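Visitor: I'd like a walk through this model, with the reasoning behind each label spelled out. Could you show me the thing first?

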Amino acid sequence: MTAAVSCKDTEEADLIVTTGVTLSAAEVSIFPGEQVELKATLTPDNCTSTYKTWASSDAKVATVDVWGRVVGLTPGKTTITVTTASGKCTANCNVTVKEIPATGVSLNHTTASVYIGENVELTATITPDNASDKTITWTSSNTEIATVGEDGKVTGVELGKATITATTKNGVSASCEVTVNVRTPTEPETVELWKGDNAGYRGLFGADADNGKTAGIGGWLSYKDGVAYWTENTTGAARKATLELSTGS
């Protein structure tokens, strides 16, 4: 007798099952916007089904399409996985999307002048435009002369010069030399000081002398040992200026 074989049995007998899959690379590195194509090889090479699926463990870092093309999006790491039709065979590729480094930085001023107590704004421009990290750190070579904030705003503190430097995260820098000046009144002002006990005071803008008890609108004028001093009322910083002075008896 001859054994009968069904069509289903014949089809199953003809199937060549996929036993493995490998990728053309185990690790790759790309920049945001770049792409790389991964090739999957099935074993045996004459397996019946060549269908496979692709997936990225972090699609925010890099994506992969049905042809194995990987596109970098943001700096970070992700794993690209290819899986055979049966789901029993997989292969992985570790993908690193690198940061685009800053290659240059420039300031809107290379030299600047500012008066004591006043400000000048510095802005930094990083190249290339698509640098991954545009963080800037601002520093002053002498904070007793001029200070600088996180936003690049420079404040004059005392007469002199200081170098303000903007530095990128990867160490690229640019500098501006800042000269701090004293604002000189456009016209000399005549103010009477009381000698009294050799330490008289008077407000700068018309306040009555009161032996050191009355603060003027703009600041204090004081007289001691034949020398007149002007101190700003708001900051307490000594301010040097040329004034016409007369002393009361």
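Guide: Let's start with β7, where the side chains alternate: Val70 and Gly72 point to one face and are buried, while Arg69 and Val71 point to the other and are not. Do keep in mind that this is a predicted model, where local features need pLDDT of at least 70, side-chain atom pairs count only at pLDDT 80 or more, and totals for chains, interfaces and linings use all residues. Residues are numbered from 1 along each chain as its sequence is written, and side-chain values use heavy atoms, with hydrogens and water left out.

Visitor: Why are Val70 and Gly72 called buried?

Guide: Buried means under 20% relative accessible area, with exposed over 50% and partly exposed in between (1.4 Å probe, protein chains only). Val70 and Gly72 are buried, so they fall under 20%, whereas Arg69 and Val71 do not. As a general point, side chains in a regular strand alternate between the two faces of the sheet.

Visitor: How do you know that β6 and β7 pair?

Guide: Two strands pair if DSSP finds at least two bridges between them. Strands themselves are DSSP runs of E, at least two residues, and helices are runs of H or I, at least four, numbered from the N terminus. Three bridges join β6 to β7 (residues 69–72), so the pair qualifies, and the two run antiparallel. In that pairing Val64 stands opposite Val70, and Thr63 stands opposite Val71. On the β3 side, three bridges join β3 to β7, again antiparallel, and Glu37 has Arg69 as its bridge partner.

Visitor: What makes β3 and β6 edge strands?

Guide: The open sheet has the order β3-β7-β6. β3 (35–37) and β6 (62–64) each have a single partner strand, so one side of each is left without a neighbour in the sheet.

Visitor: What is unusual about phi at Gly68, in the turn of the β6 and β7 hairpin?

Guide: Gly68 has a positive phi of about 85°, and four residues lie between the two strands of that hairpin. For background, most residues other than glycine have a negative phi, and most peptide bonds are trans.

Visitor: Which peptide bonds are cis, then?

Guide: One runs from Thr43 to Pro44, with omega near -5°, and Pro44 is found in the loop between β4 (40–43) and β5 (52–56). Another joins Thr127 and Pro128, with omega about 0°; Pro128 is in the loop between β13 (124–127) and β14.

Visitor: Why is a group of residues called a nonpolar core?

Guide: The term covers a set of buried Ala, Val, Leu, Ile, Met, Phe, Trp, Tyr and Cys residues joined through side-chain atoms within 4.5 Å. The largest such core has 24 residues, of which Trp138, Val154, Ile164, Val178 and Val180 touch the most other members. β18 (173–181) is one of the elements giving two or more residues to this core, and β18 gives the most, four residues. Apart from it lies another core of 20 residues, among them Cys47, Val64, Val70 and Ile80.

Visitor: What does the chain come to overall?

Guide: One helix and 23 strands, with 31% of the 249 residues counted as buried.
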